[in-house]
Amino acid sequence: MISPSSTTSQNLPPFDTVVVGGSYAGMSAALQLARACRTVLVIDHGQPRNERAAKAHGCLGWDGVAPIQILELGRRQLLAYDRVQWATDQAIDATGSLEMGFAVHCASGDRYRARRLILAHGVVDRLPSIPGLAERWGETVLHCPYCHGYEICGTNIGVLIASKSEAMDQVKALSQWGAVTAFHAATLSAAEMEELSAELKGIGVTLEESALAGVTGKAILNLADGSVRDVEALFVHSETCLASDLATRMGCETEDAGCITTDSAKQTTVAGVFACGDAARFAGNIALAVGEGALAGVAAHRSLLGLLP
Ligand SMILES: Cc1cc2nc3c(=O)[nH]c(=O)nc-3n(C[C@H](O)[C@H](O)[C@H](O)COP(=O)(O)OP(=O)(O)OC[C@H]3O[C@@H](n4cnc5c(N)ncnc54)[C@H](O)[C@@H]3O)c2cc1C
């Protein structure tokens with residue numbers, strides 16, 4: 001394992017591949033390269049997206065297991081390969097090309113060279129700025145019913161409407177799991193409120209008139225008019241953005257949805273740079289991140305062999 005304070009990184013020979021992000025996608029990519037007897041460095045600063053959730057669900061073989069446990073086992077298995085190295089650090093810049101090779105610069109001052117680069121740094125969630133939401137994120141403030149809906153099936157569920165256009169889809173989907181009450185964050189106009197309220201009424205769902213002002217207790221919703229509603233969980237729409245600007249620094253194209261553009265082999269628009277996991281798809285999960293990581297790892301290896309078109 002490379003120490004974050006190492007001053008010898010400049011003198012290391014280039015790694016076959018440097019992977020930025022050592023969570024589900026990044027470790028899965030690194031595993032394929034390790035098994036192809038290639039040298040891999042994983043740079044990670046230990047903030048996987050679901051770190052706040054006590055348990056992960058919906059991933060075959062890991063259903064109900066704590067995210068940290070899944071990642072620890074993955075890391076132990078990966079580091080058993082002698083060509084794999086790990087740097088606990090933050091990658092802050094990357095330069096280079098397929099022809100010249102790549103260099104990744106880290107916050108510690110270390111710099112690593114690589115023949116191929118895989119971006120698996122995920123995304124960060126931006127929640128509406130309502131007091132109490134962030135503290136309950138991953139516990140009783142949730143975004144994905146497939147990850148956390150089963151555990152609260154048949155209970156009272158709140159949904160914070162993201163926008164008028166998405167409201168009906170949000171509510172209809174969540175109604176599969178429980179009795180839904182809709183809330184808003186004072187971002188809808190009076191006309192939109194009236195229209196939406198009528199539409200929701202048509203499917204038997206109430207839209208609370210007063211805006212959500214804060215969350216206290218387990219999931220007690222405090223409304224602006226002073227009234228209080230108690231729900232089992234509140235679903236919110238989280239805006240996501242890339243956890244790192246390395247892709248844009250390197251000139252990789254990104255999608256309107258905020259993820260890095262890749263082809264079916266997970267190669268970005270910059271030759272020799274691959275991306276996988278949440279960073280390279282809109283709305284991901286663990287199973288998809290592991291699968292895409294495997295694709296990116298194999299593609300980076302085939303690229304090293306000159307076998308990738
Ligand atoms: C609250 C919550 C609960 C969830 N629950 C589930 C669930 O139950 N089941 C499920 O399937 N999915 C769940 N998800 C989705 C799941 O967490 C993601 O799909 C998954 O983590 C994506 O994996 P990834 O490897 O792409 O990114 P991440 O897991 O986010 O990992 C990215 C890694 O890159 C590192 N990193 C970022 N930038 C840098 C940098 N510049 N330098 C070095 N390292 C960097 C981060 O520290 C992190 O370790 C949940 C998400 C949230 C928000």
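This is a short talk on one protein chain and the ligand it holds.

Morning, everyone. A caution to start: the model is predicted. Please keep that in mind throughout.

Let me begin with the overall build. The chain has 309 residues, and 49% of them are buried. It contains seven helices and 17 strands. Take the C-alpha trace along its principal axes, and the span is about 65 × 35 × 35 Å.

Now the ligand. How many residues surround it? The count is 35. The closest are S23, D44, H45, Q47 and H57. Sort that shell by class and you get 13 nonpolar residues, 17 polar ones and five charged ones.

Where does the shell come from? Two domains contribute. Domain 1 covers 9–125 plus 240–304, and domain 2 covers 128–235. Each of them supplies at least three residues to the shell.

On to polar contacts with the ligand. I have three to show, and each one uses the protein backbone. Start with Q47. A polar backbone atom of Q47 sits 2.6 Å from a ligand oxygen. Next, N285. There, a backbone N or O atom is 3.3 Å from an oxygen of the ligand. Then its neighbour in the numbering, G284. For G284 the backbone N or O atom is 3.4 Å from a ligand oxygen.

How much of the ligand does the protein cover? On its own, the ligand has 1,000 Å² of accessible area, and the protein covers 99% of that. As for secondary structure, four elements give two or more residues each to the shell. They are helix α1 at 24–35, strand β2 at 40–44, helix α3 at 145–148 and helix α7 at 286–304.

Next topic: salt bridges. The whole structure has 14. I will walk through three of them.

Pair one is D16 with R115. Their closest N and O atoms are 2.7 Å apart. D16 is in strand β1, residues 15–20, and R115 is in strand β6, residues 111–119, so the bridge ties together parts 99 residues apart in sequence. Is D16 buried or exposed? D16 counts as buried, because its relative accessibility is 8%, and the cut-off for buried is under 20%. Its partner R115 is partly exposed, at 38%.

Pair two is R49 with D125. Here the closest N and O atoms are 2.8 Å apart. R49 belongs to the loop between β2 and α2, while D125 belongs to strand β7, residues 123–126, so this bridge joins parts 76 residues apart in sequence. R49 is partly exposed, with 27% relative accessibility.

Pair three is D93 with R249. Their side chains meet at 3.3 Å, N to O. This pair also links distant parts of the chain. D93 is in strand β4, residues 91–97, and R249 is in helix α6, residues 246–249, which puts them 156 residues apart. Both ends are partly exposed: D93 at 22%, R249 at 46%.

One more point on this topic. Shared partners join D16, R38 and R115 into one salt-bridge network. So if you are looking at pair one, look at R38 as well.

Now, backbone angles. Most residues other than glycine have a negative phi. Two residues here are worth a look against that background.

The first is C37. C37 is not a glycine, yet its phi is positive, about 60°. C37 lies in the loop between α1 and β2. It is partly exposed, with a relative accessible area of 49%.

The second is K266. Again not a glycine, and again a positive phi, about 70° in this case. K266 sits in the loop between α6 and β17, where β17 is 273–275. Is this lysine buried or exposed? K266 is buried, at 5% relative accessible area.

Last item, and it takes us back to C37. Pair it with H301. H301 is in helix α7 and is buried, at 19%. The two residues are 264 apart along the chain, but their C-alpha atoms are separated by 9.8 Å. Recall that helix α7 also gives residues to the ligand shell.

To recap. The ligand is 99% covered by the protein, its shell draws on both domains, and the structure has 14 salt bridges. That is it from me. Over to you.

Terms used. Residues numbered from 1 in each chain as written. Predicted model: local features only at pLDDT ≥ 70, side-chain atom pairs only at ≥ 80, totals over all residues. Heavy atoms only, no water. Near = heavy atom within 4 Å. Polar contact = N/O pair within 3.5 Å; in protein donor to acceptor, adjacent residues only side chain to side chain. Areas by Shrake-Rupley, 256 points an atom, 1.4 Å probe, with all protein chains shown as cover. Nonpolar A, V, L, I, M, F, W, Y, C, P; charged D, E, K, R; others polar. Domains from an automatic or database assignment. Salt bridge = Lys/Arg side-chain N within 4 Å of Asp/Glu carboxyl O. Buried < 20%, exposed > 50% of the residue type's maximum accessible area, 1.4 Å probe, protein only.
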